[in-house]
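Welcome! This short report looks at aromatic rings and the company they keep. Have a look at the model first, then read on.

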Amino acid sequence: MYSGTGVAYEDDTPYEERAWPPGPRWRSFDGGPVQPSPPEDEEADRRLGPAGPTRRPQAAEVRLVNAAILLRRPLLLTGRPGVGKSALAFRLARELGLGRVLQWPVTSRTTLGSGLFEYDVLGRAQAGQAWFAAQERTSAQEGVDGGASSDPLDIGDFIQLGPLGTALLPHHLPRVLLIDELDKGDADLPNDLLSLFEDGWFAVQPLVRVKRHLGEVTVYTSDPGRTATIQDGIVKTRSFPIVIMTSNGEREFPEAFMRRCLRLDIPDPGPQELAELVTAHFGDGLADVQERLVREFMTRSAQVDGLASDQLLNAAHLVTSGAYSYGEEDRAEWQAVLEAIWHPLNGDGADWGV
């Protein structure tokens with residue numbers, strides 16, 4: 001189970017033989033064929049820093065993440081922008097060894113269908129026209145009345161599963177799906193997700209229409225270079241994905257949607273969490289400067305109604321780069337740099353003084 005300490009998964013048990021805690025009977029699924037192990041997540045180290053026991057998680061985080069895993073329910077993370085909501089998905093995937101995180105960033109134009117799959121119908125039509133034209137030229141050159149007896153263009157070459165669709169493939173172990181900034185999406189999107197989260201399957205309509213002729217079709221997935229075979233146009237999950245949804249609180253969600261989620265509010269990080277964040281990325285590179293930098297960051301954050309954690313990392317990088325001096329002799333220059341990178345998130349100005 002999840003501990004939140006930041007230690008990476010270390011177990012030599014083959015992916016296909018790894019066990020997973022059972023969920024409720026009413027949340028069990030039996031999709032197939034089972035997919036191979038997912039690719040490794042190369043994004044985690046970049047976002048979180050090297051894996052190591054450098055973090056002391058909040059008890060509520062561990063409690064609710066494990067409850068979401070056992071209940072097979074989505075976890076909705078709320079909190080100010082920049083407090084580290086999306087980082088939870090990468091910590092969870094790295095610690096439990098669940099492979100690459102599937103990311104679905106939501107905008108005002110996002111629809112449920114775009115998260116499930118995309119069908120390049122125009123591209124297929126153009127490719128078909130080019131193929132038939134080539135056949136006609138070949139027939140004319142050979143002096144025979146011919147052409148192909150069937151269309152060789154594989155419909156699967158023009159279909160790609162989105163992050164949501166890829167997460168619902170029948171994997172042996174659950175994939176981690178990050179639905180980022182759900183509150184920025186269309187008002188109907190949460191309701192559209194309800195039945196999908198309940199049923200655990202969806203139809204790829206272009207494949208459903210050809211299933212009498214093509215019972216199995218191989219399509220592309222959201223994992224780079226990966227494909228998956230779909231039977232009869234239906235994708236049905238096996239291990240329900242661990243769904244991490246983030247919201248900046250820009251609007252409320254329907255009651256029916258909230259009833260099917262667990263909610264965790266991520267508070268602003270304190271001195272301990274900020275120090276752990278800096279240590280994860282820079283180790284001991286800041287030495288005794290780290291405490292002072294964190295203290296100044298918190299003071300500035302309070303003045304401007306909140307800063308994002310990555311703004312602290314930006315300052316830490318400048319200190320370790322050697323390009324700027326953190327000594328008292330260059331205090332004015334350093335303050336000017338901090339004022340530029342520790343700007344208010346709302347774009348408003350504020351008196352500077354730390």
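In this predicted model, let us begin with a charge and a ring: the charged end of Arg18 sits over the ring of Tyr9, 4.0 Å from the ring centre. Arg27 has a similar story to tell, as its charged end sits over the ring of Phe240, 4.6 Å from the centre.

Phe240 also leads us to the ring pairs. With ring centres required to lie within 6.5 Å, the count comes to four aromatic pairs. Two of them are set out here:

| Pair | Arrangement | Centre to centre | Angle between planes |
|---|---|---|---|
| Phe29 and Phe240 | stacked | 5.8 Å | 25° |
| Phe297 and Trp342 | edge-to-face | 5.4 Å | 80° |

Where do Phe29 and Phe240 lie along the chain? Phe29 is in the segment before helix H1 (43-48), while Phe240 is in the loop between strand S9 (234-236) and strand S10 (242-247). The two are 211 residues apart, so this pair links distant parts of the chain. Both Phe29 and Phe240 are buried. Ring pairs also bring in Phe197, making a cluster of Phe29, Phe197 and Phe240.Now for the other pair in the table. Phe297 belongs to helix H11 (residues 289-303) and Trp342 to the segment after helix H13 (331-341), so their pairing ties together parts that are 45 residues apart in sequence. Are these two rings buried or exposed? Phe297 counts as buried because its relative accessibility is 3%, and Trp342 counts as buried at 0% relative accessibility.

Note on methods:
Residues numbered from 1 in each chain as written. Predicted model: local features only at pLDDT ≥ 70, side-chain atom pairs only at ≥ 80, totals over all residues. Heavy atoms only, no water. Phe/Tyr/Trp six-rings, centres within 6.5 Å; stacked < 30°, edge-to-face > 60°. Helix = DSSP H or I, 4+ residues; strand = E, 2+ residues; numbered from the N terminus. Buried < 20%, exposed > 50% of the residue type's maximum accessible area, 1.4 Å probe, protein only. Lys NZ or Arg CZ within 6 Å of the ring centre and 35° of its normal.
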